[in-house]
Amino acid sequence: MSCKRLYNLRNNVRVVFTALSTLAFDCIGAFILPRRWFIRLNFYRRAKYSLDEDNKKFAKARADEWHDRADKLAEKTRAFTIDDSTQKYYKPVVDGGEEKDFNRKNSGKKITVKAHKTTGSNDIYLSDKVKLKRKQFHKFDKNVTKIYEMLGQSKSENKPAICILSPEEMGKNAVATYIPTDNVLTVNSAYFITKNLAELQKPFACPDSELSSVLHELIHWQDAEKYRQKFGKITDYNAYCDYLNKIYAPKVEKLIRSGYNISDISEYAKLEFRKNEFDEVHAEFCVKQLLQR
């Protein structure tokens, strides 16, 4: 075989190999590389291996252009990235907050709930067994602030510690519960994840409102504050309940004499009236009055 034929054969093999490698690179690179990197490397490869000098120059210029564009894009991305630790809304729900134990009874047994202080504007703690989305918590925190404003208690210095519990820790079929002896308001985390809040709060006044259950319990807190200011710390829960019934029995009777139907407040109010739990009846009445203004 002559030298000329060998030279032509070598060139043909080189052309075929380049074409096949190009096809393979294009097929594989398009799947495994981000688009901007695939285009950028494709131009670099053409600039290095192309047999045509003009094509080499063109590919080199385009490769440099894509290099600059990729660097600018990366710079913009870094500039737009939000540091979660410096943003009010984007802070984690619990960001290394103080740890606190909440003691409560669950099905007659005493349990200790481990919780951490949240990043909210109110005194809210989150059980270690509960996870909330920041958006959910942010909305709840704003609702608590709104309720304090509705009750005229925004500047109160003895607001309750609010602890969000898992349904298992809650231990009862309730959305929220206020414990006057501890000045603690517990909230069932089911409140945040239910797809039908009105169904969850069905027996209570204004069941479709996000405020109603917490408002009901903070009305109880308001009663407890009045008691503490007059008599001091609440140590005997039963005696405290008896005191409230004496206060609210005549108020409920007045509502009935004025033609108010207790059954129109809520199913829960009707049941509590039959049990002579007049503070519960009046709290439901207040919820309805405040939310239907």
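# Helix 9, salt bridges and positive phi angles

D242 sits in helix 9, where helices (H or I, at least four residues) and strands (E, at least two) are DSSP runs, numbered from the N terminus. This is a predicted model, in which local features need pLDDT of at least 70 and side-chain atom pairs count only at pLDDT 80 or more, while totals for chains, interfaces and linings use all residues. Residues are numbered from 1 along each chain as its sequence is written, and side-chain values use heavy atoms, with hydrogens and water left out. The notes below begin with helix 9, go on to the salt bridges, and end with phi angles and cysteines.

**Helix 9**

- Helix 9 covers residues 237–257, which makes 21 residues, and it reaches 30 Å from its first C-alpha to its last. That is close to the 30 Å expected at 1.5 Å a residue, the expected span being 1.5 Å times one less than the number of residues.
- At Y248 the helix bends by about 30°, the bend being the angle between axes fitted to the seven residues ending there and the seven starting there. A proline, P250, follows within four residues of Y248.
- At the N-terminal end, D236 acts as the cap of helix 9, with a side-chain oxygen 3.2 Å from the backbone nitrogen of N238.
- After helix 9 comes G259, whose phi is positive, near 95°.
- The buried residues of helix 9 are Y240, C241, L244, N245, Y248, A249, V252 and L255. Here buried means under 20% relative accessible area, exposed over 50%, and partly exposed in between (1.4 Å probe, protein chains only).
- The cover over these buried residues includes helix 8 (212–231), helix 10 (267–274) and helix 11 (278–291), counting contact as heavy atoms within 4.5 Å.
- D242 counts as partly exposed because its relative accessibility is 47%. Its C-alpha atom is separated by 9.7 Å from that of D279, and the two residues are 37 residues apart along the chain.

**Salt bridges**

- How many salt bridges does the structure hold? There are six, a salt bridge being a side-chain nitrogen of Lys or Arg within 4 Å of a carboxyl oxygen of Asp or Glu.
- As background, side chains of opposite charge can pair when their charged atoms come close.
- One of the salt bridges joins D123 and K117, with the closest N and O atoms 3.5 Å apart. D123 is partly exposed at 28% relative accessibility, and K117 is partly exposed at 22%.
- Another joins E210 and K139, with the closest N and O atoms 3.0 Å apart. This pair links distant parts of the chain, 71 residues apart: E210 is in the loop between helix 7 (197–200) and helix 8, and K139 is in helix 4 (residues 134–150).
- E210 is partly exposed at 32% relative accessibility, and K139 is partly exposed at 45%.
- E225 and R228 form a salt bridge too, the closest N and O atoms being 2.9 Å apart. Both residues lie in helix 8, three residues apart, which is about one turn of the helix.
- Are E225 and R228 buried or exposed? E225 is buried because its relative accessible area is 9%, and R228 is buried because its relative accessible area is 16%.

**Around R228**

- The side chains of R228 and E225 are also joined by a polar contact of 2.9 Å. A polar contact is a pair of N or O atoms within 3.5 Å; within protein, one must be able to donate a hydrogen and the other to accept it, and residues adjacent in sequence count only if both atoms are side-chain atoms.
- Leaving aside neighbours within four places in sequence, R228 is in contact with N158, Y178, P180, N183, W221, K233 and I234.

**Positive phi angles**

- Most residues other than glycine have a negative phi.
- N183, one of the contacts of R228, is not a glycine yet has a positive phi of about 55°. N183 is in the loop between strand 5 (176–179) and strand 6 (184–188), and at 12% relative accessibility it counts as buried.
- C206 is another residue other than glycine with a positive phi, near 50°. C206 lies in the loop between helix 7 and helix 8, and it is buried, with a relative accessible area of 11%.

**Cysteines**

- How many disulfides are there? The count comes to zero, a disulfide being a pair of cysteine sulfur atoms within 2.5 Å.
- C163 counts as buried at 1% relative accessibility, and C241 counts as buried at 18%.
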